[in-house]
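Q: I've got a new model open and would like to go through it with you. Shall we look at it together?
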Amino acid sequence: MTMITVETTIKAPIEKVWEFWTKPEHITNWNFASDDWCCPSATNDLRPDGKFVWRMEAKDGSMGFDFNGIYNQIEKHKFISYTMEDGRNVEIEFKAEGDNIKLTESFEPETTNPVEMQRAGWQAILENFKKLVESSK
């Protein structure tokens, strides 16, 4: 299976990047691809075989879905892998580069939407994450 990879570099210590990526109270503030969407709720059991559910909704209430899956591997401050509900796999790597953290996320595409659309959506979510982490105290 071909993987799509998106990445960003964040000016923050790994402890902060990890906390914002994994804590539900932060996930709800970055996990959406555009300003007309939101993530009203998130649960996250960050351990192998632990489940997560992140609710994603259009702000106008016209549509929404639960993004969920089960964690396969967790290596604190370094690596997360999970399997989405539909069986597709995702791998996330956190790598120190000087004072920055390079976050690389690779995922198996679904077959409904064009690959470039999927890449753009996942990249937009990563950019939201970067902006939130870098602007938070």
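Q: Which element gives the largest share of the lining of the largest pocket?
A: Helix H3 does, with five residues. A pocket here is an open set of points on a 1 Å grid over the protein atoms alone where a 1.4 Å probe fits, with protein on both sides within 12 Å along at least five of seven lines; lining residues have an atom within 4 Å of a point. Helices (H or I, at least four residues) and strands (E, at least two) are DSSP runs, numbered from the N terminus.

Q: Is this model predicted or experimental, and what was counted?
A: This is a predicted model, where local features need pLDDT of at least 70 and side-chain atom pairs pLDDT 80 or more, while totals for chains, interfaces and linings use all residues. Numbering starts from 1 along each chain as its sequence is written, and side-chain values use heavy atoms, without hydrogens or water.

Q: Back to the pocket: which residues lie nearest its centre?
A: Met56, Phe65, Phe67, Trp122 and Ile125, out of 26 that line the largest pocket. S3, S4, S5 (79-84) and H3 (115-135) each supply at least two lining residues.

Q: Phe67 and Trp122 are aromatic. Which cluster are they in?
A: Ring pairs link them with Phe52, Trp54, Tyr71, Tyr82 and Phe107. Rings of Phe, Tyr and Trp (its six-membered ring) pair if their centres lie within 6.5 Å; planes under 30 degrees apart are stacked, over 60 edge-to-face and the rest tilted.

Q: How many aromatic pairs does that give?
A: The count is 15. One of them is Trp21 with Trp30: the ring centres are 4.7 Å apart and the planes at 20 degrees, so they are stacked. Trp21 is buried at 5% relative accessibility, and Trp30 is buried at 1%; buried means under 20% relative accessible area, with a 1.4 Å probe and protein chains only.

Q: And how do Phe52 and Tyr71 sit?
A: They are tilted, because their planes are at 45 degrees, with the centres 5.2 Å apart. Phe52 lies in S3 (residues 51-58) and Tyr71 in S4 (residues 64-75), so this pair ties together parts 19 residues apart in sequence. Both residues are buried.

Q: Switching topic: why is H1 called largely enclosed?
A: Because seven of the nine residues of H1 (residues 14-22) are buried. Those are Ile14, Lys16, Val17, Trp18, Phe20, Trp21 and Thr22.

Q: Which way do the side chains of S1 point?
A: They alternate along S1 (residues 4-10). Ile4, Val6, Thr8 and Ile10 point to one face and are buried, whereas Thr5, Glu7 and Thr9 point to the other and are not.

Q: What joins S1 to S7?
A: Seven bridges join S1 to S7 (residues 100-107), and the two run antiparallel. Strands count as paired if DSSP finds at least two bridges between them. Val6 stands opposite Glu105 in S7.

Q: Is S5 mostly covered or open?
A: Mostly covered, with five of its six residues buried. S5 pairs antiparallel with S4 over six bridges, and five bridges join S5 to S6 (residues 89-97), also antiparallel. Ser81 stands opposite Gln73 and opposite Glu91 in S6.

Q: What's in the turns?
A: The hairpin of S4 and S5 has three residues between the strands, and His77 in the turn has a positive phi of about 70 degrees. The hairpin of S5 and S6 has four residues between the strands, where Gly87 takes a positive phi near 95 degrees.

Note on methods: Buried < 20%, exposed > 50% of the residue type's maximum accessible area, 1.4 Å probe, protein only.
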